[in-house]
Amino acid sequence: MKEVEVRKFHRILGIIVVWFLAGQTLTGLILSIEGMKPGGSAA
């Protein structure tokens, strides 16, 4: 692969990964807030 192709691939992969990590962060935050509510699951 040429440097331009590697950079393009890396940029696209980074965009995909950042959305995956943002989704994990948001769902984890929501689940932890739900667990802190009275009557929420403490698992």
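In which helix is the place of V17? In this predicted model, V17 lies in helix 1, which covers residues 3-36. The secondary structure of the protein chain amounts to 1 helix and 0 strands.

With respect to solvent accessibility, 0% of the 43 residues of the protein chain count as buried. The accessible surface of the chain is about 4,200 Å², and carbon and sulfur atoms account for 72% of this area. A nonpolar patch is found on the surface, formed by M1, V6, F9, L13, V17, F20 and L21. Together, these residues present about 710 Å² of accessible area. V17, one of the members of the patch, has a relative accessible area of 38% and is therefore classed as partly exposed. This value satisfies the patch criterion, because residues with over 30% relative accessible area are admitted provided that they form no salt bridge.

Charged contacts were also examined. The count of salt bridges comes to 1. This salt bridge is formed between E3 and R7, whose closest N and O atoms are 2.8 Å apart. The two residues are 4 positions apart in helix 1, so that about one helical turn separates E3 from R7. Both partners are classed by their accessibility: E3 counts as exposed because its relative accessibility is 54%, and R7 likewise counts as exposed, at 53%. The threshold applied here is a relative accessible area over 50%.

Notes. Residues numbered from 1 in each chain as written. Predicted model: local features only at pLDDT ≥ 70, side-chain atom pairs only at ≥ 80, totals over all residues. Heavy atoms only, no water. Patch = residues over 30% accessible without salt bridge, like charges linked within 9 Å, V, L, I, M, F, W, Y side chains within 5 Å. Areas by Shrake-Rupley, 256 points an atom, 1.4 Å probe, with all protein chains shown as cover. Salt bridge = Lys/Arg side-chain N within 4 Å of Asp/Glu carboxyl O. Buried < 20%, exposed > 50% of the residue type's maximum accessible area, 1.4 Å probe, protein only.
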